[in-house]
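Here is a set of questions and answers on the fold of one protein chain. Each answer works towards a value or a name.

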Amino acid sequence: MKKLIIYATRTGYVTECVEKLAGMLSGDVDTINLAGRPPAIDPGRYDTIMIGGSIHAGKIQKVVRKFCAAHSPLLSTKKLGLFVACLTPPEKAGQYFEDNFPRSLVVQAKAKGFFGGAAYYERMSPIERFIMKKISGMQESFSKPNDAGIKDFARAMG
Ligand SMILES: Cc1cc2nc3c(=O)[nH]c(=O)nc-3n(C[C@H](O)[C@H](O)[C@H](O)COP(=O)(O)O)c2cc1C
């Protein structure tokens, strides 16, 4: 019963979530960061696959969208989970799934995870930092993890 978590991150928050998630899942868990030059992925080797990333201006990372599009027929045969990290609260963030993943996968997914979000100013560009400070009203880096959301997701994925 092998499990795979595939993800992308901009400033590292999703990596933290994936580490927590991997620790909550049973059995063998592989994690793959799609950034840079990821190792060759053979999704056929896994029976449970979880895919996610973080939201910037309403969009998940392009590598995540590309991966889903490229593997969508195979993914439709798996136990699938989708997740997002963002600063919009879960009750208002559902649309991000519809907007960023193929409809067939959203419908099929056993779980949709809202993992919370963080603003790590030191890892942002000056413009991003300026905008985020304005929007959030927070002058220091902060994180708003949704550990309960990660736990619920892990429970659903087994
Ligand atoms: C430039 C920028 C745009 C963002 N846009 C959104 C957004 O549209 N909706 C949202 O809920 N969060 C938004 N966020 C918050 C990120 O989703 C949040 O910081 C997330 O935790 C980043 O995760 P990462 O470090 O793994 O990339 C934005 C953050 C930045 C820096």
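Q: How many bridges join β3 to strand β4?
A: In this predicted model, β4 covers residues 79-85. The two strands run parallel. M50 stands opposite G81 in β4. The number of bridges that join β3 to β4 is 7.

Q: Which residue in β3 does I6 stand opposite?
A: Strand β1, residues 3-7, pairs with β3 in the parallel sense. That pairing runs over 5 bridges. Within β3, I6 stands opposite I51.

Q: What is the bridge partner of Y7 in β2?
A: β1 also pairs with β2. The sense is parallel, over 5 bridges. In β2, Y7 has as its bridge partner N33.

Q: Which strands are the edge strands of the sheet?
A: The sheet is open and has 5 strands, paired in parallel. Their order is β2-β1-β3-β4-β5. An edge strand here pairs on one side only. That holds for β2 (29-33) and β5 (111-114).

Q: By what angle are neighbouring strands of this sheet turned against each other on average?
A: The strands concerned are those in the order β2-β1-β3-β4-β5. With direction ignored, the average turn between neighbours is 15°.

Q: Is strand β3 largely enclosed or open, and how many of its residues are buried?
A: Buried means under 20% relative accessible area. T48, M50, G52 and S54 point one way from β3, and all are buried. I49, I51 and G53 point the other way, and these too are buried. The strand is largely enclosed by the rest of the structure, because the buried count is 7 of the 7 residues.

Q: What is the handedness of the β-α-β unit that β3, helix α2 and β4 make?
A: Helix α2 spans residues 62-75. It lies across β1, β3 and β4, and runs at about 160° to β3. The unit of β3, α2 and β4 is right-handed.

Q: At what angle does helix α7 run to β4?
A: Helix α7 covers residues 147-157. It lies across β1, β3, β4 and β5. Its angle to β4 is about 170°.

Q: What arc do the buried residues of α7 cover around the axis?
A: The buried residues of α7 are G149, I150, F153, A154 and M157. They lie on the same side of α7, because their arc is restricted to only 135°.

Q: Which elements are included in what covers the buried residues of α7?
A: F153, one of these buried residues, has a relative accessible area of 2%. Strands and a helix take part in the cover. Included are β1, α1 (13-24), β3, β4 and β5.

Q: What phi does G158 take?
A: G158 comes just after α7. Its phi is positive, at about 85°.

Q: How are the rings of F97 and F114 paired?
A: A search of the whole structure finds 5 aromatic pairs. In this one the ring centres are 5.3 Å apart and the planes stand at 85°. Planes over 60 degrees apart count as edge-to-face. The pair of F97 and F114 is therefore edge-to-face.

Q: How many residues apart are F97 and F114?
A: F97 is in helix α4, residues 95-100, and is buried at 1% relative accessibility. F114 is in strand β5. The pair links distant parts of the chain, and the separation is 17 residues.

Methods. Residues are numbered from 1 along each chain as its sequence is written. This is a predicted model: local features need pLDDT of at least 70, side-chain atom pairs count only at pLDDT 80 or more; totals for chains, interfaces and linings use all residues. Side-chain values use heavy atoms; hydrogens and water are left out. Buried means under 20% relative accessible area, exposed over 50%, partly exposed in between (1.4 Å probe, protein chains only). Helices (H or I, at least four residues) and strands (E, at least two) are DSSP runs, numbered from the N terminus. Two strands pair if DSSP finds at least two bridges between them. A crossover is right-handed if, with the strands pointing away from the viewer, the path from the first strand over the helix to the second runs clockwise. Axes are lines fitted to C-alpha atoms, for helices over the stretch in contact, and angles run from 0 to 180 degrees between N-to-C directions. Contact means heavy atoms within 4.5 Å. The arc is that of the directions from the helix axis to the C-beta atoms. Rings of Phe, Tyr and Trp (its six-membered ring) pair if their centres lie within 6.5 Å; planes under 30 degrees apart count as stacked, over 60 as edge-to-face and the rest as tilted.
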